[in-house]
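Work through the exercises below with the sequence and the structure side by side, and try each task before reading its solution.

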Amino acid sequence: MKIAVVSRSFARNAALRAELSARYPNVTFSESPAVLDGAELVALLRGHDCAIVGLERIDDWVLDQVPELKIISKYGVGLDGVDLDAIARRGIRLGWTGGVNRRSVSELTIAFAIALLHRVPETGATLRAATWQPLVGRQLTGKTVGIVGCGFVGQDLVRLLAPFECRVLAHDIRDYPEFYREHRVTPVPLAQLLGEADIVSLHVPLDRSTTGMIGAAELAKMRKGACFINAARGGLVDEDALAQALESGHLAGAACDVFQLEPDANPRLLAHPAFLGTPHIGGSTQEAQLAMGRAAIDGLETARIPGNGWPC
């Protein structure tokens, strides 16, 4: 097997490099500091029958240039950069494991929620500007939290919320009745969740059905003074509409770990004092990187052709 490691995070991790190289002697690692695309991506993939990819876009054009590629294993859980139909048509096998970074993302979400309610972005900004302004915030304890997408990360978030005695609402196209009963989660339509939650947090994949799912109309349905969190994918949200909801005072705060045009974050959001932004660090913990990397290594052996509802 000739393996090309395209993912930056995998390639920069010494432990993962050593573990992969111990199992497979013929490995080429990307040395690029940026996400590869176009001719550079093709150049690295060429001559390899297997690839470990991260945020790179794998589509028809790329695959046409490297017909020798037979296996693609995913570092991370997001599949929005991988054209599953294009892979399936060519009989290419995909290695993917869902939820391997769930704890890292759910912990960051809890940190976002507490920071927004306690007005950490605003007070931190004023303190750096040499102004002592101890604004009055709110506790997470006892609040209503709305989770949009109650899969791997959403369910882990529910578990982390337990000590805070929150009322938890969930909206998902799938039903998890046993989990909901065990953890006292109330499944509701999206409109009801938006209208009742003090904090709305997104945890859905980015695909045709979810792109732009939160726009001006949805944000207007949220309670005045509520907070919004997106630690899933940037394309889920109309960022200008979110900025407008903050600027108008309708929302008390918002936090995003992901943006529509990464690495370029929306300047209107960044300029607002009640906005907290991070550069897609949800899975960037040592523990999550090892888990995602090891899943990608295993995926080289367990990969299968997408189809019949898998991997979605």
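**Exercise 1.** Against which elements do the buried residues of α3 pack?

*Solution.* Keep in mind that this is a predicted model. Begin by finding helix α3, which spans residues 38-45, and mark L41, V42, L44 and L45, which are buried there. Viewed down the axis of α3, these buried residues fall within an arc of 165 degrees, so they line one face of the helix. The partners of the buried residues are β1 (3-5), β2 (27-29), β3 (50-53) and α4 (60-65). Now turn to the face pointing away from the buried side, where the exposed residues A39, E40 and A43 are found. Finally, just after α3, notice G47, whose phi is positive, at about 85 degrees.

**Exercise 2.** Which element supplies the largest share of the largest nonpolar core?

*Solution.* This core has 30 residues, and those touching the most other members are V148, V200, L219, M222, F228, L242 and L251. At least two residues each come from α10 (190-196), β9 (199-202), β10 (226-230), α12 (239-247) and β11 (251-256). The largest share, five residues, is that of α12. To see one member in detail, follow L219, whose contacts beyond four places in sequence are I214, F228, A241, L242, A245, H250 and L251.

**Exercise 3.** Is N230 buried or exposed?

*Solution.* First locate N230 in strand β10. Buried means under 20% relative accessible area, and N230 counts as buried because its relative accessibility is 1%. Its side chain reaches the backbone oxygen of R233 at 3.0 Å. Among the residues that N230 contacts beyond four places in sequence are L202, L236 and C256.

Definitions and conventions:
Residues are numbered from 1 along each chain as its sequence is written. This is a predicted model: local features need pLDDT of at least 70, side-chain atom pairs count only at pLDDT 80 or more; totals for chains, interfaces and linings use all residues. Side-chain values use heavy atoms; hydrogens and water are left out. Buried means under 20% relative accessible area, exposed over 50%, partly exposed in between (1.4 Å probe, protein chains only). Helices (H or I, at least four residues) and strands (E, at least two) are DSSP runs, numbered from the N terminus. The arc is that of the directions from the helix axis to the C-beta atoms. Contact means heavy atoms within 4.5 Å. A nonpolar core is a set of buried Ala, Val, Leu, Ile, Met, Phe, Trp, Tyr and Cys residues joined through side-chain atoms within 4.5 Å. A polar contact is a pair of N or O atoms within 3.5 Å; within protein, one must be able to donate a hydrogen and the other to accept it, and residues adjacent in sequence count only if both atoms are side-chain atoms.
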